[in-house]
Structure formats: C-alpha cells, structure tokens
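Q: I have a model open on my screen and I'd like to learn how to read it. Can you walk me through the features one by one?

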Amino acid sequence: MAANGQTNGTTGSHSQNIEFYAGYSRFEIELEFVQSLSNPYYLQHLASQKYLENEEFVAYLAYLQYFQDPKYLKYLQYPGPTLRALEMLQEERFRKEILIPAVVEAMVAEGFEAATSGLSR
C-alpha cells in the first residue's frame, strides 16, 4: 500500500509496482518539486520557512541530484536553472544567502537575461 492508503498501481505492461500519491507517481511529484527550485523566490520561501536548515530536507535535495542523469534530465522543462539551483543548494553558504533580497533579485535578473538573450528587439 502507498503512503496515502492507495494500492500500488502499474503502468502499461511493466511489471514493476509504482507508488501513487493522490494520483501521481513519486517521480511526477519529484519532477514537479525539482522544477520549482528554478524559481529564486521559491528558494527564498523555503529558506524563510527554515526548510534549508533541516538536515533531512538538505539530504532530500542531494537525493534529487539524480535529475542530472540524461535519463531524467530530458523531463526538465528548464534544465539549466533547475540543475544550477540544485547544485547551489548543496552549499550551506548559499542556503543562508538566499534570504538576502539582493541575491534573489540577482538570480531573477540573471535568469531573465538568459531567457531573453538572442531575441531581436
């Protein structure tokens, strides 16, 4: 049984059991979460709520590094910012500095610049 009381389901003809939580597979939930890490404001929110001080949460962030593998990388909508954020979150210094508004604004500006580079004006 899955954590929410639902039984494990299977996908297609695969014989492996996949756990579902509220109708979503663990992979889908982790994908959604890891992609949210590309948002500097969300990182600041996590820090303000003290999540980034929690050793278990930091260990979970380390676990999510599996998204660097090309097998999983292909599912990321914004792989550059997502993987960069995951990498920076491994550093204690960054986990503290993300509370500084200037750091967040610099990340936002950098992301906007990268997203719009090469566009004609």
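A: Sure, and let's begin with burial. This is a predicted model, and buried residues make up 28% of the 121 residues in its protein chain.

Q: What helices and strands does the protein chain have, and in what pattern do they come?
A: The protein chain holds seven helices and two strands. Read along the sequence, the pattern is β-β-α-α-α-α-α-α-α. For contacts with a separation of 6 or more, 53% are between residues 24 or more positions apart.

Q: How do I read a nonpolar core, and which residues touch the most other members here?
A: The general idea first: in soluble globular proteins, nonpolar side chains tend to be buried together. In this model the largest nonpolar core has 23 residues, and L37, L43, L52, L61, L64, F67 and I98 touch the most other members. At least two residues of this core come from each of α1 (26-36), α2, α3 (55-63), α5 and α7. The most, four residues, come from α5.

Q: What does L64 touch?
A: Leaving out residues up to four places away in sequence, L64 touches E30, F33, V34 and L86. Three of those names come back when you look at α1, where E30, L31, F33, V34 and Q35 are buried. The buried residues of α1 pack against α2, α3 and α5.

Q: How many aromatic pairs does the structure hold, and how do I read one?
A: There are twelve aromatic pairs in the structure. To read one, look at the distance between ring centres and at the angle between the planes; under 30 degrees counts as stacked. F27 and F67 are a stacked pair, at 5.8 Å centre to centre with 25° between the planes. F27 sits in helix α1 and F67 in the loop between α3 and α4 (70-73), so this pair ties together parts that are 40 residues apart in sequence.

Q: Are F27 and F67 buried or exposed?
A: Take them one at a time. Buried means under 20% relative accessible area. F67 has 0%, so F67 is buried, whereas F27, at 25%, counts as partly exposed.

Q: What would a tilted pair look like?
A: Try F33 and Y60: they are tilted, with 5.9 Å centre to centre and 40° between the planes. F33 lies in helix α1 and Y60 in helix α3, so the pair ties together parts that are 27 residues apart in sequence. On burial, F33 has a relative accessible area of 16% and is therefore buried, while Y60, at 25%, counts as partly exposed.

Q: Which residues form the aromatic cluster?
A: One aromatic cluster is formed by F27, F33, Y42, Y51, F57, Y60, Y63, Y66, F67, Y72 and Y75. Both of the pairs we just went through have their residues in that list.

Q: Now pockets. What is the volume of the largest pocket, and which residues are closest to its centre?
A: A good way to read a pocket is to take its volume, then its lining. The largest pocket has a volume of about 400 Å³. Its lining has 17 residues, and S38, P81, M107, G111 and F112 are the closest to its centre. The elements giving two or more residues to the lining are α2 (40-48), α5 (79-88) and α7 (101-116), and the largest share, seven residues, comes from α7. By class, the lining has twelve nonpolar, three polar and two charged residues.

Q: Where is S38, and what is S38 in contact with?
A: Look in the loop between α1 and α2 for S38. Its relative accessible area is 22%, so S38 counts as partly exposed. Apart from neighbours within four places in sequence, S38 is in contact with P81 and T82. The C-alpha atoms of S38 and P81 are separated by 5.1 Å, although these residues are 43 apart along the chain.

Q: Last one: how do I read phi, and which residues should I look at?
A: Most residues other than glycine have a negative phi. Here A22 has a positive phi, near 55°. A22 is in the loop between β1 (20-21) and β2 (24-25), and with a relative accessible area of 62% A22 is exposed. K50 also has a positive phi, about 70°, without being a glycine, and K50 lies in the loop between α2 and α3.

How values were computed:
Residues are numbered from 1 along each chain as its sequence is written. This is a predicted model: local features need pLDDT of at least 70, side-chain atom pairs count only at pLDDT 80 or more; totals for chains, interfaces and linings use all residues. Side-chain values use heavy atoms; hydrogens and water are left out. On a 1 Å grid over the protein atoms alone, a cavity is a set of points where a 1.4 Å probe fits but cannot get out, and a pocket is an open set with protein on both sides within 12 Å along at least five of seven lines; lining residues have an atom within 4 Å of a point. Grid points are joined across faces, edges and corners, and a volume is the space filled by probe spheres set on the points. Ala, Val, Leu, Ile, Met, Phe, Trp, Tyr, Cys and Pro count as nonpolar, Asp, Glu, Lys and Arg as charged, and the others, Gly among them, as polar. A nonpolar core is a set of buried Ala, Val, Leu, Ile, Met, Phe, Trp, Tyr and Cys residues joined through side-chain atoms within 4.5 Å. Buried means under 20% relative accessible area, exposed over 50%, partly exposed in between (1.4 Å probe, protein chains only). Contact means heavy atoms within 4.5 Å. Rings of Phe, Tyr and Trp (its six-membered ring) pair if their centres lie within 6.5 Å; planes under 30 degrees apart count as stacked, over 60 as edge-to-face and the rest as tilted.
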